[in-house]
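Colleague: I am new to this structure and would be grateful for a close look at a single part of it. Could you choose one place, describe its surroundings with care, and then follow the connections outward from there?

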Amino acid sequence: MERPKYLKYCPKLNTVTGSITASLLMCQLEYWFDKVDGKAFYKFLEPCQHKLCKKGDSWTEELGFSLAEFRSAFKRIGKVYKSKKAYLESADPFDGKPYLSYYDRIKKLTFYIRNPQTFAEFVGNALSASGYNKDYTSSHILTPSQRLDKIPYEHIVALFKKHCPSLKSFAHLTPTCKRNLVRLWKQFAQKGADILPQLEQVFKLVEASDFLCGRLPSSTWHAQLQWIVHPDKFMHILSGKYAPFDTSNSITSPSTSLSPSWPTPYIPPQHPHKLRAFDCVESHHFDLAHLEAREQAHQLACFTSKMHKITPSSL
């Protein structure tokens, strides 16, 4: 007689997954990640003819879900990629979710990957309170400076006003600004990096830019805080997209918090329109008498040449 299988279930997860099937799937995913020490693993959706597929190993057999139930449950807690290439090219692979899956078309296998940081933020203390899988509680994963619920919005605004005095009036902590900060915070948390020093550096680079601060006579546009902390714009500023800088010039901002050695953005020189040849005729001084003499000599030489070619037989 076949031994019955039992699945772990944490009802408190329903508050974050919004689904009983998604909670069951999350517990089972954690079971398998615990087996492989948190590394990626492959698993089949349903029984198939693949040489690695064994009876009872697929998700539908293990959980008793239909394909539609499994896919619906996984989409609540994970990001699905149809290929490994799509996963590798994604700027934000997990998209704020604790898991992802991608299909390897060469190996014909579906792999599952876990994001410990997002898992801790997504679940909070729901699992630790129930006594399930204590090795994955948030206190073992995120430092206080990396937790999303610890984002110091007011401190970031204060840093912005300190290092970007030219843009003090644009330091609005709008909902869009908060969403951009959360996305930016997640990216740095996944890399285990402290974002605050990077924020200070970017704010200083912004203040050093006449273009971003609206100090150019040809533009009155100003960079707002929500624009600066957008992940794409933030990385562009940090990587020097608004460079090269001209280090021979000093900063023109009235700020006293920055060193005079901070450069201003390099502005390429405006090259005058290149004149074509016929636009420059009036700049030449021609000797008309000399030109007429040359023309007469040329015509005489042509006439003489023709006369020498005439023979008596042609008369």
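**A loop and the sheet beside it**

Modeller: At a distance of 3.0 Å, the side chain of histidine 50 reaches the backbone nitrogen of leucine 52. This model is a predicted one, and the description below should be read in that light. Histidine 50 is placed in the loop that runs between strand 1 and helix 3, the latter covering residues 59–63. When neighbours within four places in sequence are set aside, histidine 50 is in contact with Phe44, Lys107, Lys108 and Leu109.

Cysteine 53 is likewise found in the loop between strand 1 and helix 3. With a relative accessible area of 17%, cysteine 53 falls under the 20% limit, so it counts as buried. If residues up to four places away in sequence are not counted, cysteine 53 touches Phe44, Glu46, Pro47 and Cys48. Phe44 is thus a contact of cysteine 53 and also one of the contacts of histidine 50. As for how the chain is arranged here, cysteine 53 and lysine 43 lie 10 residues apart along the chain, and their C-alpha atoms are separated by 8.4 Å.

The contacts of histidine 50 include Lys108, and that residue leads on to a hairpin. Lysine 108 lies in the loop between strand 3 and strand 4. The hairpin that these two strands make has 4 residues between the strands. The phi angle of lysine 108 is positive, near 60 degrees, although the residue is other than glycine. Aspartate 37, which is not a glycine either, has a positive phi of about 60 degrees as well. Its place is the loop between helix 2 (20–35) and strand 1. Aspartate 37 has a relative accessible area of 65%, which is over the 50% limit, so it is exposed.

On either side of the hairpin loop, strand 3 and strand 4 (residues 109–114) pair in the antiparallel sense, with 6 bridges between them. Within this pairing, aspartate 104 stands opposite leucine 109 of strand 4. Leu109 has already been named among the contacts of histidine 50. Strand 3 also pairs with strand 2 (residues 78–81), here in the parallel sense and over 4 bridges. On that side, tyrosine 81 stands opposite tyrosine 102 of strand 3. Strand 2 and strand 3, together with helix 5 (residues 84–89), make a right-handed β-α-β unit.

These pairings belong to an open sheet of 4 strands, in the order 1-4-3-2, with mixed pairing. Strand 1 (41–42) and strand 2 stand at its edges; each has a single partner strand, so one side of each is left without a neighbour in the sheet. In strand 3, 5 of the 6 residues (the strand covers residues 99–104) are buried, so this strand is largely enclosed by the rest of the structure.

For the wider setting, the chain contains 13 helices and 6 strands. It has 315 residues, of which 36% count as buried. Among contacts between residues at least 6 apart in sequence, 53% join residues at least 24 apart.

Some of the buried residues gather in nonpolar cores. The largest nonpolar core has 27 residues, and the members that touch the most others are Phe160, Leu199, Phe203, Val206 and Ile228. Two or more residues of this core come from each of helix 8 (153–163), helix 9 (175–190), helix 10 (195–207), helix 11 (225–228) and helix 12 (231–239). Helix 10 gives the largest share, 6 residues. Another core, of 20 residues, lies apart from this one and includes Met26, Leu29, Ala73 and Phe119.

Phenylalanine 160 illustrates the packing in the largest core: beyond its neighbours within four places in sequence, it is in contact with Leu167, Phe170, Ala171, Phe203, Leu225 and Ile228. In helix 10, the buried residues are Ile195, Leu199, Val202, Phe203, Leu205, Val206 and Glu207. They pack against helix 8, helix 9, helix 11 and helix 12. At the start of helix 10, a side-chain oxygen of aspartate 194 comes within 3.4 Å of the backbone nitrogen of leucine 196. At 1.5 Å a residue, the 13 residues of helix 10 should span 18 Å, and this agrees with its end C-alpha atoms, which are 18 Å apart.

Note on methods: Residues are numbered from 1 along each chain as its sequence is written. This is a predicted model: local features need pLDDT of at least 70, side-chain atom pairs count only at pLDDT 80 or more; totals for chains, interfaces and linings use all residues. Side-chain values use heavy atoms; hydrogens and water are left out. A nonpolar core is a set of buried Ala, Val, Leu, Ile, Met, Phe, Trp, Tyr and Cys residues joined through side-chain atoms within 4.5 Å. Buried means under 20% relative accessible area, exposed over 50%, partly exposed in between (1.4 Å probe, protein chains only). Contact means heavy atoms within 4.5 Å. Two strands pair if DSSP finds at least two bridges between them. A crossover is right-handed if, with the strands pointing away from the viewer, the path from the first strand over the helix to the second runs clockwise. The expected span of a helix is 1.5 Å times one less than its number of residues. A polar contact is a pair of N or O atoms within 3.5 Å; within protein, one must be able to donate a hydrogen and the other to accept it, and residues adjacent in sequence count only if both atoms are side-chain atoms.
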